[in-house]
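Hi there,

Here is the structure I promised to pass on to you. Have a look at it first, and then read on for what I found in it.

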Amino acid sequence: MILKIRPALPRDADILSHIAFSAKAYWGYPAKWMEIWKPQLTFSPEYFELYESWVTEVDNAPAAFYTLQERNGTAWIENLWVLPEFIGRGFGEELFLHALSRSRVMGHLVLRLESDPNAVGFYEKMGMYKVNESNYPVEGQIRILSVMEIKL
C-alpha cells in the first residue's frame, strides 16, 4: 500500500464529497439526518480552489482529506474525513499532523475545529481540548458540537 498526501484539486470534488458523506454515515446517523447534511457534505470544484485542502491517497486513489481555513487570524480545520474502511488505520492522525504543520508554516498560533461528538476522543488523543461548544438543531433535537483547539 503506497500512501501519499497531495493538495486537493477541483477535479476531486465528487470523490471528496463521497468520502465526507461515507465517513459521516459510518457513525450510524439516521438517513433523514444524512439527507439534511448532504449539502454540507457536498463540495464544488470551486471549494477546492478557495480553501487549502489536502488528500491522502492509497495506491493513487483518494482515501481521506482535510480543509484548512483561516478565521480572524486563527487556523481552522473545516473538514477532516476518512473513508470508513481506513478509519482507525492512522490516516486521520497523519492528516491532522499535516494540518498542524501547515498551520505553523502559515504563522498561526492556534488550530481549532468543531468536532462531531464521535470524533472528540480522537482529537483529544491528538492533544486538542474543548474551549467552547456550538448547538445545532436537527429535527427537533439539539446536537452539541465541541469547539476544540490546540496551541501551535
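N72 is exposed, because its relative accessible area of 83% is over the 50% cut-off. This residue sits in the loop that joins β3 to β4, the latter covering residues 74-82. Its backbone also caught my eye: phi of N72 is near 50 degrees, a positive value in a residue other than glycine. For background, most residues other than glycine have a negative phi. Please keep in mind throughout that this is a predicted model.

D59 is a second case of this kind, with a positive phi near 50 degrees in a residue other than glycine. Its place is in the loop between β2 (52-58) and β3 (61-71). Is D59 buried, partly exposed or exposed? With 49% relative accessibility, D59 counts as partly exposed, since exposed would need over 50%. A glycine with a positive phi turns up too: G107, just after α4, has a phi of about 90 degrees.

Now for the overall picture. The protein chain has five helices and seven strands. Along the sequence they run β-α-α-α-β-β-β-α-β-α-β-β. How does the radius of gyration of the protein chain fit a compact globule? A compact globule of 152 residues would have a value near 15 Å, and the protein chain has 15 Å, so the two agree. Along the principal axes, the C-alpha atoms fill a box of roughly 40 × 30 × 30 Å.

Of the 152 residues in the protein chain, 46% are buried. The accessible surface comes to about 8,100 Å², and carbon and sulfur atoms account for 53% of that surface. As for charge, there are 15 positive and 19 negative side chains, and the centres of the two sets lie 3 Å apart. If you take the contacts between residues at least 6 apart in sequence, 61% of them join residues at least 24 apart.

Two of the helices deserve a closer look.

Helix α1 spans residues 13-25, which is 13 residues, and reaches 18 Å from its first C-alpha to its last, close to the 18 Å expected at 1.5 Å a residue. Its buried residues are A13, L16, S17, I19, A20, S22, A23 and K24. In an α-helix there are 3.6 residues a turn, so residues three or four places apart point the same way. What do the buried residues of α1 pack against? Their partners are α2 (31-37), α3 (45-50), β2, β3, β4 and β7 (141-151). Also in helix α1 is I15, which is partly exposed with a relative accessible area of 33%. I15 and A61 are 46 residues apart in sequence, with 9.3 Å between their C-alpha atoms.

Following α1, the loop between α1 and α2 holds W27. This tryptophan is partly exposed, with a relative accessible area of 39%. The C-alpha atoms of W27 and A119 are separated by 9.9 Å, although these residues are 92 apart along the chain.

Helix α4 runs over residues 91-105. Its 15 residues reach 21 Å from the first C-alpha to the last, close to the 21 Å expected at 1.5 Å a residue. The buried residues here are F91, G92, L95, F96, H98, A99, L100 and S103. S103 has 0% relative accessibility and therefore counts as buried. Which residues does S103 touch, leaving aside its neighbours within four places in sequence? They are L68, A75, H108, L111 and L152.

Last, a word on Y129, which belongs to strand β6 (residues 129-138). At 35% relative accessibility, Y129 counts as partly exposed. Beyond its neighbours within four places in sequence, Y129 is in contact with V147, M148, E149, I150 and K151. Y129 and Q141, on the other hand, are 12 residues apart in sequence and 25 Å apart in space, C-alpha to C-alpha.

Best wishes

Key. Residues numbered from 1 in each chain as written. Predicted model: local features only at pLDDT ≥ 70, side-chain atom pairs only at ≥ 80, totals over all residues. Heavy atoms only, no water. Helix = DSSP H or I, 4+ residues; strand = E, 2+ residues; numbered from the N terminus. Rg over C-alpha atoms; globule rule 2.2 N^0.38 Å. Buried < 20%, exposed > 50% of the residue type's maximum accessible area, 1.4 Å probe, protein only. Contact = heavy atoms within 4.5 Å. Areas by Shrake-Rupley, 256 points an atom, 1.4 Å probe, with all protein chains shown as cover. Lys, Arg positive; Asp, Glu negative; His and termini not counted. Charge placed at Lys NZ, Arg CZ, Asp CG, Glu CD. Expected span 1.5 Å × (residues − 1).
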